[in-house]
Amino acid sequence: MTSDYLPELFEVSYKHEFNGTKSIKLINNILMVNDPNPEMIDIKRIDKEKWIEFWENIERIGLWDLE
């Protein structure tokens, strides 16, 4: 099984005027999700199909085209 779909680096953070700051950061194969309470998720426990769907959605919304 290939793990090309697993991220090596990942960090997203955004601030909303009413909902506060939310973030997701990859640390040692663990996603630290603050939404707003911290939660830790082992990326290898997320189904391969979910990761593939995630990357397809990233492509679909054109995230890589943002500057």
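The following exercises, each with a worked solution, concern a predicted model of a protein.

**Exercise 1. Overall architecture**

Determine which secondary structure elements the protein contains and in what order they occur.

Solution. Begin with the inventory: the secondary structure amounts to 1 helix and 4 strands. Next, follow the chain along its sequence, where the pattern reads β-β-β-β-α. The strands can then be located as S1 at residues 11-16, S2 at residues 20-27, S3 at residues 30-34 and S4 at residues 38-42. Helix H1 covers residues 48-61.

**Exercise 2. Dimensions, surface and charge**

Describe the extent of the protein, the share of its residues that is buried, its accessible surface and the placement of its charges.

Solution. Taken along the principal axes, the box filled by the C-alpha atoms is roughly 40 × 30 × 15 Å. The protein has 67 residues, and 19% of them count as buried. Its accessible surface is about 5900 Å², with 51% belonging to carbon and sulfur atoms. For the charges, take the 8 positive and the 14 negative ones as two groups; their mean positions lie 5 Å apart. Finally, consider the contacts with a separation of 6 or more: residues 24 or more positions apart account for 20% of these.

**Exercise 3. The largest pocket**

Identify the residues that line the largest pocket and state which element gives the largest share of the lining.

Solution. The volume of this pocket is about 160 Å³. Its lining consists of Phe-10, Ile-24, Leu-31, Val-33, Ile-41, Ile-46, Lys-50, Trp-51 and Phe-54. Assigning these residues to elements shows that strand S3 and helix H1 each give two or more residues. The largest share, 3 residues, comes from H1.

**Exercise 4. Two asparagines with positive phi**

Locate Asn-28 and Asn-29, and decide for each whether the residue is buried, partly exposed or exposed.

Solution. The general expectation is that most residues other than glycine have a negative phi. Asn-28, however, has a positive phi near 50°, and Asn-29 has a positive phi of about 65°. Asn-28 is placed in the loop between S2 and S3, and Asn-29 is likewise found in the loop between S2 and S3. Now apply the accessibility classes. The relative accessible area of Asn-28 is 73%, so Asn-28 is exposed. That of Asn-29 is 35%, so Asn-29 is partly exposed.

**Exercise 5. Surroundings of Leu-6 and Ile-46**

Establish the position, the accessibility and the contacts beyond four places in sequence of Leu-6 and of Ile-46.

Solution. Start with Leu-6, which lies in the segment before strand S1. The cut-off for a buried residue is under 20% relative accessible area. Leu-6 has a relative accessibility of 17% and therefore counts as buried. Beyond its neighbours within four places in sequence, Leu-6 contacts Ile-43, Lys-44 and Trp-51. Measuring from C-alpha to C-alpha, Leu-6 is 21 Å from Pro-38, with their positions 32 residues apart in sequence.

Turn next to Ile-46, in the loop between strand S4 and H1. Its relative accessibility is 25%, so Ile-46 counts as partly exposed. With neighbours within four places in sequence set aside, Ile-46 is in contact with Leu-31, Ile-41 and Trp-51. These three residues also appear in the lining of the largest pocket, as does Ile-46. Trp-51 thus recurs in both contact lists, that of Leu-6 and that of Ile-46. As for distance, Ile-46 and Thr-21 are 25 residues apart in sequence, and their C-alpha atoms are 24 Å apart in space.

Notes
Residues numbered from 1 in each chain as written. Predicted model: local features only at pLDDT ≥ 70, side-chain atom pairs only at ≥ 80, totals over all residues. Heavy atoms only, no water. Buried < 20%, exposed > 50% of the residue type's maximum accessible area, 1.4 Å probe, protein only. Contact = heavy atoms within 4.5 Å. Areas by Shrake-Rupley, 256 points an atom, 1.4 Å probe, with all protein chains shown as cover. Lys, Arg positive; Asp, Glu negative; His and termini not counted. Charge placed at Lys NZ, Arg CZ, Asp CG, Glu CD. 1 Å grid on protein atoms, 1.4 Å probe; cavity = no way out; pocket = protein on both sides within 12 Å on 5 of 7 lines; lining within 4 Å. Points joined across faces, edges and corners; volume = space filled by probe spheres on them.
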